[in-house]
Amino acid sequence: MDAELNRRRIIAIARAAFADEGLDLPMREIARRAGLGIATVHRHFPARTDLVTAALAELVAECRGDMQASLDEPDPWRALSGAVHSFAEHRLQDRGLNEALFGSHPAAAAFAVDRREQARAMEQLVDRAREAGAVRPDVTVEDVRVCLGAIASFRLAHSATDLQRLVELLLIGLAADDSTSPEISARLHRTRRQAIP
C-alpha cells in the first residue's frame, strides 16, 4: 500500500513540476519535493522517460479527446479554430505537455504515436477547412504548424489575454476573405472584433 501511495505521490509531484518548469527538472528534485529518496523514485521509474510517460499520460489522453472533438465538429472552421484554441490552452497550462507532444525533448519519444496521430488529424482539419472555403485557398498544414509554433514559443510571462489575442490574430491570417460566404464572414468579423480593439 505504501508503495502505491509513493508512486501516486511521485506522479502528482512530477506532473505539477513538469507543467511549471518543463521536462528537464532533475529527478532528484522531484524526489526532494515528494519527500522521498531518489532510490525510491528510481525503483518506481527507472528512467526519466518512464516518469514523464506516467506523469503526462492523462493529459495526453485529454489532448486526444480534444482533437477527436475537433474531428467530430461538422463546421470546418470551428473544427480547425477549436483545435488551435485547445493547443493554446494546453500551452498556457502545461509547459511539460507542450514539450512532450510538440517539442524535441528526448523524453517525448514515449509519445511518438500520439504526435503522429495529432499531425494526421491536423492535416484532415486543414484539408476540410480549405475544401469548405473556410480558410484561404493557399493555406497548408505547414502554415498552421507555423501558427502553432508561434503559440508554443509564446513567453508565459505574458498574460492569458495576450496569448488569446495572438491566437485570434493568427486565425484571422488563416481565415478566408470576407467574400467567401455570409456565415464565414460573420464568424471572421466576430473574431476580428474580439482580437483587435
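In this predicted model, D138 pairs with R136 in a salt bridge whose closest N and O atoms lie 3.2 Å apart. R136 is partly exposed, its relative accessible area being 29%. Elsewhere, E21, E29, R32 and R33 are tied into one network by salt bridges that share partners. Counting up the whole model gives 9 salt bridges.

Two of the pairs reach across the sequence, and they are worth taking in turn. One is the salt bridge between E58 and R15, with 3.9 Å between the closest N and O atoms. That pair links distant parts of the chain, since E58 belongs to helix 4 (residues 48–72) and R15 to helix 1 (residues 2–21), with the two positions 43 residues apart. On the E58 side the residue is exposed, at a relative accessible area of 54%, because anything over 50% falls in that class. R15, by contrast, counts as partly exposed at 24% relative accessibility.

The other pair is D114 with R64, a salt bridge in which the closest N and O atoms are 2.6 Å apart. Here too distant parts of the chain are linked: D114 sits in helix 7 (residues 112–131) and R64 in helix 4, 50 residues apart. Helix 4 thus supplies a partner to each of these pairs, E58 in one and R64 in the other. D114 is buried, with a relative accessible area of 10%, whereas R64 is partly exposed at 38%.

Turning to annotation, an unreviewed UniProt entry lists residues 26–45 as "DNA-binding region". In the model, this stretch is 75% helix and 0% strand, and its end C-alpha atoms are 13 Å apart. T40 is placed in helix 3 (residues 38–44). With a relative accessibility of 14%, T40 counts as buried, because the limit for that class is under 20%. What does T40 touch once its neighbours within four places in sequence are left aside? The contacts are N6 and I10.

Further along the chain, helix 8 (residues 141–152) and helix 9 pack against each other, their axes coming within 10 Å and crossing at roughly 165°. The two helices are therefore roughly antiparallel, as angles over 145 degrees are classed that way. The crossing of helix 8 and helix 9 is right-handed. On the helix 8 side, the contact is made by D143, V144, C147, A150 and I151; helix 9 contributes L163, L166, V167, L170 and L174.

One of those helix 9 residues, L163, merits a closer look. L163 lies in helix 9 (residues 160–174) and counts as buried, with just 2% relative accessibility. Which residues does L163 touch, not counting those up to four places away in sequence? They are A88, L92, I151 and F154. Of these, I151 is also among the helix 8 residues that make the contact with helix 9. L163 also comes within reach of a part of the chain well separated in sequence: its C-alpha atom is 9.0 Å from that of E89, although the two residues are 74 residues apart along the chain.

Key:
Residues are numbered from 1 along each chain as its sequence is written. This is a predicted model: local features need pLDDT of at least 70, side-chain atom pairs count only at pLDDT 80 or more; totals for chains, interfaces and linings use all residues. Side-chain values use heavy atoms; hydrogens and water are left out. A salt bridge is a side-chain nitrogen of Lys or Arg within 4 Å of a carboxyl oxygen of Asp or Glu. Helices (H or I, at least four residues) and strands (E, at least two) are DSSP runs, numbered from the N terminus. Buried means under 20% relative accessible area, exposed over 50%, partly exposed in between (1.4 Å probe, protein chains only). UniProt positions are given in the numbering used here, feature names are shortened, and annotations may be inferred rather than shown by experiment. Contact means heavy atoms within 4.5 Å. Axes are lines fitted to C-alpha atoms, for helices over the stretch in contact, and angles run from 0 to 180 degrees between N-to-C directions. Angles under 35 degrees count as roughly parallel, over 145 as roughly antiparallel, 65 to 115 as roughly perpendicular and the rest as oblique. A crossing is left-handed if the near helix is turned anticlockwise from the far one by less than a right angle, and right-handed if clockwise.
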